[in-house]
Each structure stands twice: as C-alpha cells, then as structure tokens.
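Q: Got a minute to walk through this protein–DNA model with me? I'd like to start with the contacts and then look at some of the fold.

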Number of protein chains: 2
Amino acid sequence: MREQLREKMAGEIALSDEPGKTIRKWREQFKVSQQDLARQLDVSPSVISDYEAGRRKSPGIVTVKRIVDALISLDEMAGGHVMKQYTLANVAEAVIAIKEFSEDVLMTNFLKTIEGENLTPQVQIDRHLHGYTVIDSIKAITSLDSFDYLKIYGWSSQRALIFTGVKFGRSPMIAIRAHPLKPAMVVYQRPEKVDELAVKLAEIENIPLIRTSLDIPVLIERLNKL
Amino acid sequence: MREQLREKMAGEIALSDEPGKTIRKWREQFKVSQQDLARQLDVSPSVISDYEAGRRKSPGIVTVKRIVDALISLDEMAGGHVMKQYTLANVAEAVIAIKEFSEDVLMTNFLKTIEGENLTPQVQIDRHLHGYTVIDSIKAITSLDSFDYLKIYGWSSQRALIFTGVKFGRSPMIAIRAHPLKPAMVVYQRPEKVDELAVKLAEIENIPLIRTSLDIPVLIERLNKL
DNA sequence: TCTGGTAATCGTCAATCGACGATTCAAGTC
DNA sequence: GACTTGAATCGTCGATTGACGATTACCAGA
C-alpha cells in the first residue's frame, strides 16, 4: 500500500492547480511541521514555506518526489500511523460495515431488528438473507472506484444493501438496475426523501425497498446482534 | 475513473526515476505519436522527444499535467478507448469469477463438482457454502490492491476461495491466516506443488484445503452449473 | 516579558527548465 | 530513388526553479 499512497500523493500534488496547498494538506495530514519536514529533507525551512505559499508555480517532479518520500519516511519512523489510515480507510471508504451471517436470517426478522418500514408492500419478504453491507452512498458515488468494488464484491443475490446518506434514493436503485447481480433487499437509512422512481424500480426488480429511521451507530449495533 | 487515471499517470511519472521513459510508456499506451502529442500541446515535436529522451531530469508538474491531460483528451476525442481499459479491467483484474449461490451448497457436492481432492483429511467438510470466488493469485499479488479488495469484500465465512496460478500455496494461506475474516474453503487450481506449510496452516485454521486438476475454463463451466 | 517553536516574506544567484529550430536517422511507401 | 512520417540530437536563450539566509510575525508557555 505504501506505493499506492506515494503515487496518490504525487499525483494529487502534480495535478493540483495550487501544488503548494496540496503539499500543505499532506504535510498536515502527516502532522509534521515545516521545520521537521525541512530537516528530513536537509533544506532550510523557508524552502518548505515558499513551496506551500505557492512561490514556485511548477515545482519539478524531483522536488515533489522528495517531499512525498520525506513525509512517508517520517511517518514510518513514527510507526506508520498515517499510512495505515490510507490502507484500509481508502479501500473501505464507502463500506461502513459488512458481514456474512453464520446462519441465514429471515427478512422479517431483519426488518424487525432494524425497525424497517417496507416501502414496497407488493414485494414478498419471505426470503432469507446471507449477509449485509452498509454503504456510505455519498462516498460510493464520489469515488467511483468504490462503486466498482461493490459491483463486483458486495452485491450478491442473498444480501441486504443498506445505503446511508441517501438524498432521493434514485442513484442507488439505478445502479442496481444497471447491474446483473442484484441484492435481495435494499435499505435506505434516514433518506431525505424517497423518490417515486426509486420505489417503482424496486418493484420492477422485485426487490423489497426498506426505510429505517435508526441512526447509523444504533443501526450498526442492532445489526451486530444478528 | 477519468480522475483516477489522471492521478495515476501523473503520480507514476512524478515518481519515476526516468520520467521520460514513463511518459513514453503512457504515450505508447495511448497509441499517439510524438507529433500528434506535440500538436495537441501546441509545441514542437522535439520538445516531446527531449522529454522522453530524458533531457529534462525533473520536469515541472505543470508540464507533466499538460502531457497527461493531452493524452487523455486525445483518447477521449477518439472515443475513450484506452480509458475504458483502466476502469473495469483494473478492478476486476484478479477476480476471474464470483458468485453467490441462491441456495446453499454442501461442501461435499462442491468437491464432487470440481473433482477436488481434499489435502486436509482431518478437517471436516460437512459445512455449507454460500458462494465462491475464483482468483488469479499472480495478479492478486502483483497488484496489491486486489488483495485488499478481497480482504474486505471477497472473503467471508461461508464461501470458497479458489486460487489459480499457485506455485507452492504458501502466500494465499499466509494471507488468509493474517486476516480475521476466513473463507470456509480454499481450493488450489492446478498448483505446481503444495507446500507442507500450506497444509499445516489450513489445518490450524480448520479450513479444508482442496486441490483440483481441472483447467480454468472447465472449472468455471462446472461452477456455473451449481 | 522573554523565549522557543512555527510559519511567512523576500532578495539573490546558480542551475535547470521549457521551448524552438535546424539537422540527422530510420522505415516505409509511392 | 524521392518522399512522407516518426523519432533523436543538440545549440541556444529567456524564464523559472531550487535553495539560502535574513527578517518579520504570531502564538503559547515559563
């Protein structure tokens, strides 16, 4: 993952309109002072300040590389704390919780547990669930990646997909509709509103669409008991 | 994904010891001539050649950005063919097949279907499976990413993990051992050899370790019937 | 109030970049 | 053999970077 992070940092800085600000952002992420960074790089602290202030509009890639590596090295010397964040955190960015049940769970029980309200009364809820995935839909959408992960790993015929941060509930259903592998159940956690279209799509797909008003920590806790 | 690719390209170029070669690599990926690229950038072709030849040891990030954007723009104008490669291909790189069963499958049936030989006779195989994932272990290892995806999405207590391209079978078991979430069964498809350590680890974890001699297409076909 | 840690600003200068254009090669292909 | 097309090499030159050090400014504590 080290390489990944290095590349991301370098890429971000290189593409930034204000590389200085991006450098600063990362330096702050790593909780390193300009001085410490300067020491690690064996340059004067003013150099760092100049970069961050944007005095150089297009620093050379060697400079960028040196800065990135210095930050990562400093972090490693201090235990690699920051890097760890960007390992799991990034990959799992959009996934808040995930679990496979050791024994199948009835949808009706699942509903009771999360205090869910069925928005699609026509759809049968007599099936079983093998597991669930709780997804931060904002993050899933902004980092398209995550959506792709989900497409491949997280969506399966026998699990509940729980979306948090839902506005109208259209995008998740559209994504589901576009994909061959369907979840057995879709849950919106405290949606602002649930669009008609979302309900209609769920009915077409024959997937029960559930709304719950539990907040995330409570929801997670309840789910853990299953 | 566009942003992702941009960042990756910029990052790679920025971190490269020979940025010129990396620029060339990408230009060739995009199947663009130096001249076309130069035209897109509105500079003389010799400029590109100079960069690729390494005449500038540390090009400024603005230059890098311009080159990256030019390549992507050219690709987009031509239909975005190259970019598409870097979308799904990359994410799914290591996953050859994946499926959740609609109904549980007994391990013994699973074994019969794939003509599997149990290398761990002590371990019980009376459990059920919810699904399986077929993984190209070479790709999974070289692109560390994929291994991380798996950690989070693909590994679950009730599924079979099928590894292809196995040399000694140590790495997959070690990775499994290191991770809290365990598969219910591990299958090696035509391993060159199966190391003692791998078997021992499987026993410790109480995960049946299976060997199959089916080749990949046949294996997939059989699995599809489940 | 003084001090130490952190950061900003700026003048300066050698080194390097960014770009051009002229020239030379290497392969096709007409 | 003449003619494109793609690429390499290099001298040149103005513009910018990379780095320093001096100076200033802003806190938070002792």
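**DNA contacts and a bit of sheet**

A: Sure, starting with A:S44: one of its backbone N or O atoms lies 2.6 Å from a phosphate oxygen of DNA strand D. That is a polar contact, meaning a pair of N or O atoms within 3.5 Å; within protein, one must be able to donate a hydrogen and the other to accept it, and residues adjacent in sequence count only if both atoms are side-chain atoms.

Q: Before we go on, what are the ground rules here?

A: This is a predicted model, where local features need pLDDT of at least 70 and side-chain atom pairs pLDDT 80 or more, while totals for chains, interfaces and linings use all residues. Residues are numbered from 1 along each chain as its sequence is written, chains are lettered from A and ligands numbered from 1 in the order written, and side-chain values use heavy atoms, without hydrogens and water.

Q: Which residues are closest to DNA strand D?

A: A:S44, A:R56, B:R24, B:Q34 and B:Q35, out of 24 that surround the strand. "Near" means that a heavy atom of the residue lies within 4 Å.

Q: What does B:R24 touch on that strand?

A: An N or O atom in the B:R24 side chain is 2.6 Å from a phosphate oxygen of DNA strand D. A:D50 goes for a base instead: a polar side-chain atom there lies 3.5 Å from a base nitrogen of DNA strand D.

Q: OK, DNA strand C. Which residues come nearest there?

A: A:R24, A:Q34, A:Q35, B:S44 and B:R56, of 23 around the strand. The B:R56 side chain has an N or O atom 2.4 Å from a base nitrogen of DNA strand C, and a polar side-chain atom of A:R27 lies 3.3 Å from a phosphate oxygen.

Q: Which element gives the largest share of that surface?

A: α4(B), with 4 residues. Helices here are DSSP runs of H or I, at least four residues, and strands are runs of E, at least two, numbered from the N terminus.

Q: Switching to the sheet: what does β6(A) pair with?

A: Strand β2 (residues 116–118) of chain A runs antiparallel to β6 (residues 209–212), with 3 bridges, and β5 (residues 185–189) of chain A pairs with β6(A) in the parallel sense over 4 bridges. Pairing takes at least two DSSP bridges.

Q: Which residue stands opposite A:V187?

A: A:I210, in β6(A).
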